[in-house]
Structures are given as C-alpha cells and as structure tokens.
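The following exercises concern the arrangement of helices, the environment of one residue and the surroundings of two DNA strands. Each task is followed by a worked solution.

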Number of protein chains: 2
Amino acid sequence: MRIGELARRADCPVETVRYYEKEGLLAAPRRSGSNYRDYGAAHLERLAFIRRCRALDMSLPEIRALLEAIERPSAHCAPVDALLDEHIGHVAARIADLTALKQELDAIRAHCAGRRPASACGIVETLSRPAARLARRSSHVRGAK
Amino acid sequence: MRIGELARRADCPVETVRYYEKEGLLAAPRRSGSNYRDYGAAHLERLAFIRRCRALDMSLPEIRALLEAIERPSAHCAPVDALLDEHIGHVAARIADLTALKQELDAIRAHCAGRRPASACGIVETLSRPAARLARRSSHVRGAK
DNA sequence: CTTGACCCTGTAGCGGCTCCAGGGTTTGCA
DNA sequence: TGCAAACCCTGGAGCCGCTACAGGGTCAAG
C-alpha cells in the first residue's frame, strides 16, 4: 500500500510517517517503479503501535527504547515494564506539578473581583511580588496549553 | 546595571533576557559607551513580572497580552481577570487530560507481572491493540516529561 | 601586561511535528 | 486520447521558549 493509505489506516498525517522513517522508528519500505513508498501489513502494525504510544504521551526516544526492548530476540518483559513505570512516573510528576500550579493560580485569581482599575488590582499586585516558588521537576511530558 | 546583574537579580539566564528583548517583552535599554545594555529598576520589575508569569506556565503571547492589558492607560481589571481565567482553564484541562492518561497507563501496566517473554507480555499486547481513544484537548501547557 | 570575567552579535539546535515550494505520477472521466 | 484532480516525491523553513555555541570586544584586579 502507498503512504496515503497507510497514513489513513493508522490515523496519522503523511508527513509524520515520513518523519518517523527519517528518525528510524519506522523501517524504510521498498519503492515502486515511480519511487513511491510501498508498505506492507508489518509497517502498518508498527506505525499503529508508535501512534498508540504517542497517544500515551511517550517521547520518541522512549518509544524507540520500547521497540528495541520488544524486538530483542531473547526479549523479556522486565525492561518493558521498567520503561512503562518510568513513563508513568513522568506523568504522575507532571500532574502533581500542575495541581500545585493550579492552586497558586486560583489563589492569585481570588485577589480580584474585576471592578477596580488595573493599578489597584490584586492580581497585578500579586504577579509583581516575588512569591513562593514552585519546585519544578523536569519531565518530558508537556505542560498545559 | 548591566545584563549580568539584572539576570542574577531576576533569577533568569542572560540569554533569556536578550531573547525577551528580541521578542518585544522587555524594552531595549540604553547602551553604555562600550555598547553594553544598561538597565534601570523598571526593567528589573518588568523582568521579574515576566519570570513570575512564566513560572505560572503562561505562554509568552499570554504574558504579552497581560502586559498590554495592564499598561493601557485606562486599564481596568476585567481583561486581566479574563486572561487569568483562560490560563487557569488551560491548566485544568491539561490536568484532566493527564489524569485520564495516567489511568490508562496504570491499566496497561497491570497487564504484566514481568515474568514472561515479551512475545507473551500483556503490555506489548495492549499497546498493539487499537484501544479506546482519549479525547485530547489543545492547550499551550506542556505535557509530562 | 596578562588573566579572567563579563559583554556583544548571530546562528544553530532541541522535540515532534506541520506546512510549503516545486516538481513527478497515477487515476478517473469525457 | 486528453486533461484535471488527487496523489506522491524531496528538501527546507517554521512553531515555542529557550539554550548553547562561535568568534569577537571590554573591563577590572593582580
């Protein structure tokens, strides 16, 4: 099948398929006479796996490591479990960070009822002060927008 | 004061100060004879404000809008409140997303006790299946790493 | 007079795409 | 058979918010 069909079936933009190939996550398929990529069922399975992991917010290096752990001939569960545990840790940490952040934002928001000039606004005031610092963790999982 | 001192006092890398200037968040200061940037107290206040907003995970466009809302001569609280409410919404949405994500990850993790070859691992199995799709919102707030 | 700390500009890189320009190929229909 | 639309190709730029160079200039202490 050609790239368009593969992409449709895996629910993934065509450009992203080419990007995964360039990044070495998806094997380069053979080419047709007109230099079109020609994929088989194995490619689709693999791409679907990658997309599923991305939907779970794993980074591409994490997914790469996961694929390698699975494809080693003598492959055992343990490394897979470890990778997943680590990722769950990232997600949990990010939730904790954002929860603390939201509390702080709610507290700031409570400083104003919207009926004053900005010069007297409690929010502007609060944002100008040094304020308690959140201990931010580092994590690959993205923030809030 | 020169850029190094400003940066130290606002707890912000020097390169980031120059970046904010390039992005129009921080006014360009006057220059010394040797072309060094020369900042005053107002610059420090503004930079500290920006850093505080960044610590609250606001995007630079959000901060820009906030600064504009505050500095309009006839400035009123309402737009500031609205901006903050919107940002709080982003954070809340991201927390909800990540919480659903974590539940899914926990469920997947429960499929394996680590004593089997990867070919028989419930995790690998689960990651290969189509699976219920999370409805992902769009938000500027970052994910989980 | 030299060493080191500081400053300058400009450019490239990070992740994970996304989009564009500028081409070639295939497909369906008149 | 001709033609348009839909598909495919490569390569490069852009998104965000920095961060890290390279390759220079300036300044203060010893």
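**Exercise 1.** Determine in which hand H4(A) passes H5(A), and describe the contact between them.

*Solution.* In this predicted model, local features need pLDDT of at least 70 and side-chain atom pairs count only at pLDDT 80 or more, while totals for chains, interfaces and linings use all residues. Residues are numbered from 1 along each chain as its sequence is written, and chains are lettered from A and ligands numbered from 1 in the order in which they are written.

Step 1. The crossing of H4(A) past H5(A) is left-handed (the near helix is turned anticlockwise from the far one by less than a right angle). Helices are DSSP runs of H or I with at least four residues, and strands are runs of E with at least two, numbered from the N terminus.

Step 2. The axes of H4 (residues 60–71) and H5 (residues 77–109) of chain A come within 9 Å and cross at roughly 165°. Axes are lines fitted to C-alpha atoms, for helices over the stretch in contact, and angles run from 0 to 180 degrees between N-to-C directions.

Step 3. H4(A) and H5(A) are therefore roughly antiparallel (an angle over 145 degrees).

Step 4. From H4(A), Glu62(A), Ala65(A), Leu66(A), Ala69(A) and Ile70(A) meet Pro79(A), Val80(A), Leu83(A) and His87(A) of H5(A). Residues are in contact if their C-beta atoms, placed from the backbone, lie within 7 Å. By class, this contact has seven nonpolar residues, one polar and one charged. Ala, Val, Leu, Ile, Met, Phe, Trp, Tyr, Cys and Pro count as nonpolar, Asp, Glu, Lys and Arg as charged, and the others, Gly among them, as polar.

**Exercise 2.** Establish where Leu25(B) lies and which residues it touches.

*Solution.* Step 1. Leu25(B) belongs to the loop between H2 and strand S1 (30–31) of chain B.

Step 2. Leu25(B) has 19 other C-beta atoms within 10 Å, so it is partly exposed (buried means 20 or more such atoms, exposed 12 or fewer, and partly exposed in between, with C-beta atoms placed from the backbone).

Step 3. Leaving aside residues up to four places away in sequence, Leu25(B) touches Tyr20(B), Ile50(B), Leu60(B), Ile63(B) and Arg64(B).

**Exercise 3.** Which residues come nearest to DNA strand D, and which are closest to DNA strand C?

*Solution.* Step 1. Around strand D there are 20 residues, of which Gly4(A), Arg37(A), Ser34(B), Ser59(B) and Leu60(B) come nearest (near means a C-beta atom, placed from the backbone, within 6 Å).

Step 2. Strand C is surrounded by 20 residues, the closest being Ser34(A), Ser59(A), Leu60(A), Gly4(B) and Arg37(B).

Terms used
Parallel < 35°, antiparallel > 145°, perpendicular 65-115°, else oblique. Contact = placed C-beta atoms within 7 Å.
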